[in-house]
Amino acid sequence: MLIDSHAHLDDRRFDNDRDMLIKNLKNNGIEMVINIGADLQSSIASVSLTEKYDNIYAAVGIHPHSAKEMDNSTIEILRAFAKRGKVVAIGEIGLDFYYDNSPRDIQRKWFREQINLAKEVDLPVVIHTRDAAEETFNILKEAQDGTLRGVLHCYSGSAEMAAEYIKMGFYISLAGPVTFKNARVSREVAKVVPLDKLLVETDCPYLTPEPYRGKRNEPIFVKYVAGTIAEAKGISFEELAKATNRNTKELFKIR
């Protein structure tokens, strides 16, 4: 059994088969899924999924793409959601300087505000970063006072930076790109990150791993991510699954 630590099952691409897919997860080797918010609508949808299905947990937060839509009332809504028992993280939050869908100063402001919220409510953060590696790291380092914990989702940075994140107490999560033929850096990260600091994810419906690249991604495909990582580390699939499950439950405080 595996845990998909980052999915977007509220996405419209699951509208036709969402219920069947979720009900069949355990039969397909998936113990549970953490469904991740990216704006208010998807955060609300994620919470709704937790209320309908025992094997779904939620993160609530505003992705940097939607940071321009935030105000203080948004933080209040997230704070209220954070009190729900199956809301286990604030995210995904961070910086995205590739698309720049929100002005960079606005991204920085609300990234910091959501980090502060996570510390206040004692939840981990789920971090998105694209073309902003150094600045994301610096903001998290500045905020780390011994209480901040979290995961770098779909990690695409260097092995050296991953090591620095681990020193700060963060986990590293790998997704479908680690299976791609040209993913030398990602497989190096998989190889060197300590087993007790690794998570696996799909980020579905995006980033479908080989051999299904180009099709809709879904939680059952996390086994290909796990298999690639196990191979890179020279360990069994079972050992990798046991460790990443344990890490996910520890980070998100799921019993």
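## Exercises on a predicted model

D11 sits in the loop between strand 1 and helix 1 (18–23). The model is predicted, and the exercises below work through its parts.

**Exercise 1. Decide whether D11 is buried or exposed, and find its contacts outside its sequence neighbours.**

Step 1. Take the relative accessible area of D11, which is 12%.
Step 2. Compare it with the cut-off: buried means under 20%. D11 is therefore buried.
Step 3. Set aside the neighbours within four places in sequence. D11 then contacts R18, P205 and Y206.

**Exercise 2. Work out how the buried residues of helix 7 are arranged around its axis, and what they pack against.**

Step 1. List the buried residues of helix 7 (residues 184–192): S186, V189 and A190.
Step 2. Look down the axis of helix 7. The buried residues fall within an arc of 100 degrees, so they line one face of the helix.
Step 3. Recall the helical repeat. An α-helix has 3.6 residues a turn, so residues three or four places apart point the same way.
Step 4. Check the other side of helix 7. R184 and K191 are exposed there.
Step 5. Find the partners. The buried residues of helix 7 pack against helix 6 (159–167), strand 7 (171–174), strand 8 (198–200) and helix 8 (222–233).

**Exercise 3. Describe helix 8: its span, its buried residues and their partners.**

Step 1. Helix 8 has 12 residues. From first C-alpha to last, helix 8 reaches 17 Å, close to the 16 Å expected at 1.5 Å a residue.
Step 2. Its buried residues are V222, V225, A226, T228, I229 and A230.
Step 3. These residues pack against strand 1 (2–7), strand 2 (30–36), strand 7, helix 7, strand 8 and helix 9 (237–252).
Step 4. Go just past the end of helix 8. G234 has a positive phi there, of about 70 degrees.

**Exercise 4. Characterise the largest pocket: its space, its lining and the residues closest to its centre.**

Step 1. The largest pocket holds about 1000 Å³ of space.
Step 2. Its lining has 34 residues, and the closest to the centre are H128, H153, D203, Y206 and L207.
Step 3. Sort the lining by type: 15 residues are nonpolar, 12 polar and seven charged.
Step 4. Trace the lining to its elements. Helix 2 (40–52), strand 4 (87–96), strand 5 (125–130) and helix 7 each supply at least two residues.

**Exercise 5. Locate D131 and D203, then state the phi and burial of each.**

Step 1. Start from the usual backbone. Most residues other than glycine have a negative phi, and most peptide bonds are trans.
Step 2. D131 lies in the loop between strand 5 and helix 5 (133–143). Its phi is positive, near 55 degrees. D131 is exposed, at 56% relative accessible area.
Step 3. D203 lies in the loop between strand 8 and helix 8. Its phi is also positive, near 60 degrees. At 8% relative accessibility, D203 is buried.

**Exercise 6. Place the cis peptide bonds at E92 and P211.**

Step 1. G91 and E92 are joined by a cis bond, with omega about 10 degrees. E92 belongs to strand 4.
Step 2. E210 and P211 are also joined by a cis bond, with omega about 10 degrees. P211 lies in the loop between strand 8 and helix 8.

**Exercise 7. Classify A80 by exposure and give its distance from T129.**

Step 1. A80 is in helix 3 (residues 72–81).
Step 2. Its relative accessibility is 43%, so A80 counts as partly exposed.
Step 3. A80 and T129 are 49 residues apart in sequence. Their C-alpha atoms are 25 Å apart in space.

Methods: Residues numbered from 1 in each chain as written. Predicted model: local features only at pLDDT ≥ 70, side-chain atom pairs only at ≥ 80, totals over all residues. Heavy atoms only, no water. Buried < 20%, exposed > 50% of the residue type's maximum accessible area, 1.4 Å probe, protein only. Helix = DSSP H or I, 4+ residues; strand = E, 2+ residues; numbered from the N terminus. Arc of directions from axis to C-beta. Contact = heavy atoms within 4.5 Å. 1 Å grid on protein atoms, 1.4 Å probe; cavity = no way out; pocket = protein on both sides within 12 Å on 5 of 7 lines; lining within 4 Å. Points joined across faces, edges and corners; volume = space filled by probe spheres on them. Nonpolar A, V, L, I, M, F, W, Y, C, P; charged D, E, K, R; others polar. Expected span 1.5 Å × (residues − 1).
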